[in-house]
Amino acid sequence: MASSYDYDEPSYDNRSYPPSSQVSDVAYDPNFVPDSVKTFVVHLYRHIREKNVYEIHQMYEGSFQRLSERMFRENPWPSVEAVAPYVDNDHVFCLLYREMWFRHVYARLSPTGRQRIESWDNYCSLFGVVLHGVVNMQLPNQWLWDMVDEFVYQFQSYCQYRAKLKNKTEEELQLLRQYDQAWNVYGVLNYLQALVEKSMIHQILEREKEGLEQFTATDGYDYEGGSNVLKMLGYYSMIGLLRVHCLLGDYRTGLKCLAPIDISQQGVYTIVIGSHISTIYHYGFANMMLRRYVEAIREFNKILLYILKYKQYHQKSPQYDQILKKNEQMYALLAICLSLCPQTKLVEENVSTQLKDKYSEKMLKMQRYDDEAYAVYDELFSYACPKFITPSAPVLEEPLTNYNQDAYRLQLKLFLYEVKQQQLLAGVRSFLKLYSTISIGKLATYMEVDEPTLRTILMTYKHKMHAVDSDGKIIPNADVDFYIDEDIIHVVESKSAKRYGDYFLRQILKFEEMISELDRVKLD
């Protein structure tokens, strides 16, 4: 089925940026360093040496973005060789500067094949220093998250770039042959895994459960003069591993990598909004693909409610467009999950209202399981899924073809196959909702099938409405269950406990919105 969404759009993992333009050599001198850039690097270098996290954060989130907007909209920043003399040629600072330099090129321009490979080399050097050197810095969590997030994004981007062979120049093909180890999937996984292991983050989180560590209470910072860099990169690498495994279609391994982080609690991953959203998006998607719909619905509901309440505070953030995009994708995934496994009691009223506004018509179509329903499932999945990758190196022999969509098509096919298997379950469920007991013969008549077919459908319902959790336990997904005793179906409807807290939270939220509306009213 053709999707109505262009899966192949050149986007920053669905991040919105100004239209990209090829890196231009005209009027751009990589060795010219404007005074404002000199001031920026000198101050940033001093603050890093002084471990002044607050000032580093202000410069990283504020000054860097403002200078990029004002002076480098269509050109890269000055080269690292040009700025090095102003920062004592400090090796580690130069690696950090290049990390930001490449990120700017990816976000606002179009990186060349050589720049992609140079960025890989820079990450290898930077992570090499963190893993094998003595790093005596404190960096803001936002920067450390962006580092891991960008590392995974550039890997994904390189896999997509490498898989589009049709229009590659001979020079680009030669680069692919020469640097066939650049952005190698094993290299990427090894760096992330090495950061997790060297940081000993698993042990830190275990010790925290026993009250022996203050990792979450201090937001991962070290207030005794040490460094937060290795342990926070290790922490965020667990989320990076989840994302990489989702891109590869290995959902079980991805969830296993995230297991040390208890996402039912507030944690360090919730401090940086990009980290919070990426974690829940990939966690929810992986659970959906493993048929753990209840878990996916529960977490999508929580994060969508959070975005609803707090998105106005992030309007000036460089990540704002990405927040909105991921928000829309998660509503699409929530619509899919609720169509396959109706669990409306798990969805908070404000989220439910938003969902109805966006997808009520499509959700009605998805309940029908005809060709139109499959088209909607196809459309929503294609819009909301990660940009799957084929990690293997291409075969650089004629004829050259594009295979960048192969991994996506495979995941879509597997997903639609799962949907097809569930096409009769909606009918069974609607009848079971009406009865507390009914004979198999009677239900078969209503459904216009014979008894052996109905028994098969009921077995399918049992199978599809249960999933295996990460501990290997079988967990139910259905809000309606049943058992059969002597050809009589006995229906058991799950009763959810009333949550009075939710009611009061909803009212508080409504009153807060009313008060902010009233505050905006100007009286003559």
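**Exercise 1. Place N287 in the fold.**
In this predicted model, find which helix holds N287, say whether N287 is buried or exposed, and list what N287 touches beyond its sequence neighbours.

*Solution.*
- Step 1: Start with the secondary structure. N287 sits in helix α12, which covers residues 273–289.
- Step 2: Check the accessibility. The relative accessible area of N287 is 1%. The cut-off for buried is under 20%, so N287 counts as buried.
- Step 3: Collect the partners. Setting aside residues up to four places away in sequence, N287 touches L255, R292, Y293, E295 and A296.
- Step 4: Try a long-range distance. Q138 lies 149 residues from N287 along the chain, and their C-alpha atoms are separated by 35 Å.

**Exercise 2. Do the same for V83.**
Which helix contains V83, and which residues does V83 touch when those up to four places away in sequence are not counted?

*Solution.*
- Step 1: V83 belongs to helix α3, residues 80–83.
- Step 2: With a relative accessibility of 0%, V83 is classed as buried.
- Step 3: The residues touched by V83, leaving out those up to four places away in sequence, are V33, V37, V41, P78 and Y97.
- Step 4: For a distance check, take I117. V83 and I117 are 34 residues apart in sequence, and C-alpha to C-alpha they are 21 Å apart in space.

**Exercise 3. Examine a buried charge.**
How far from E61 is the nearest side chain of opposite charge?

*Solution.*
- Step 1: Locate the residue. E61 is part of helix α2, which runs over residues 53–71.
- Step 2: Look for a partner of opposite charge. The nearest such side chain is that of R103, 7.1 Å away.
- Step 3: Apply the cut-off. A salt bridge needs a nitrogen–oxygen distance within 4 Å, and E61, though buried, has no salt bridge.
- Step 4: See what E61 does contact. Apart from neighbours within four places in sequence, E61 is in contact with Q142, P318 and Q319.

**Exercise 4. Work through some salt bridges.**
How many salt bridges does the structure hold, and where in the chain are K358 and E328?

*Solution.*
- Step 1: The total is 17 salt bridges.
- Step 2: Take K358 and E328, whose closest N and O atoms are 2.9 Å apart. The pair links distant parts of the chain: K358 is in helix α15 (residues 349–366) and E328 in helix α14 (residues 320–340), 30 residues apart.
- Step 3: Add the accessibilities. K358 has a relative accessible area of 31% and E328 has 25%, so K358 is partly exposed and E328 is partly exposed.
- Step 4: Move on to E213 and R207, which form a salt bridge with a closest N–O distance of 3.3 Å. E213 is partly exposed at 25%, and R207 is partly exposed at 38%.
- Step 5: K365 and E372 make a salt bridge with their closest N and O atoms 3.3 Å apart. The relative accessibility is 22% for K365, which is partly exposed, and 38% for E372, which is partly exposed.
- Step 6: Look for a network. Salt bridges link E69, R73 and R108 into one.

**Exercise 5. Inspect two positive phi values.**
Where in the chain do D88 and M200 lie, and what is the phi of D88 and of M200?

*Solution.*
- Step 1: D88 is in the loop between α3 and α4 (91–108). Its phi is near 60°, positive although D88 is not a glycine.
- Step 2: D88 has a relative accessible area of 55%, so D88 is exposed.
- Step 3: M200 is in the loop between α8 (185–199) and α9 (201–209). M200, also not a glycine, has a positive phi of about 55°.
- Step 4: M200 has a relative accessible area of 43%, so M200 is partly exposed.

**Exercise 6. Step back to the whole chain.**
How many helices and strands does the chain have, and what is its radius of gyration?

*Solution.*
- Step 1: Count the elements: 21 helices and 7 strands.
- Step 2: Compare the radius of gyration, 26 Å, with the 24 Å from the globule rule for 524 residues; the two are close, so the chain is as compact as a globular protein of that length.
- Step 3: Consider the contacts with a separation of 6 or more. Residues 24 or more positions apart account for 75% of them.
- Step 4: Turn to burial and surface. Of the 524 residues, 52% count as buried. The accessible surface is about 25700 Å², with 52% of it belonging to carbon and sulfur atoms.
- Step 5: Finish with charge. There are 58 positive and 69 negative side chains, and the centres of these two sets lie 2 Å apart.

Conventions
Residues are numbered from 1 along each chain as its sequence is written. This is a predicted model: local features need pLDDT of at least 70, side-chain atom pairs count only at pLDDT 80 or more; totals for chains, interfaces and linings use all residues. Side-chain values use heavy atoms; hydrogens and water are left out. Helices (H or I, at least four residues) and strands (E, at least two) are DSSP runs, numbered from the N terminus. The radius of gyration is taken over C-alpha atoms; the globule rule is 2.2 Å times the number of residues to the power 0.38. Buried means under 20% relative accessible area, exposed over 50%, partly exposed in between (1.4 Å probe, protein chains only). Contact means heavy atoms within 4.5 Å. Accessible areas come from the Shrake-Rupley method with a 1.4 Å probe; for residues, only the protein chains shown count as cover. Lys and Arg count as positive and Asp and Glu as negative; His and the chain ends are not counted. The place of a charge is taken as NZ of Lys, CZ of Arg, CG of Asp or CD of Glu.
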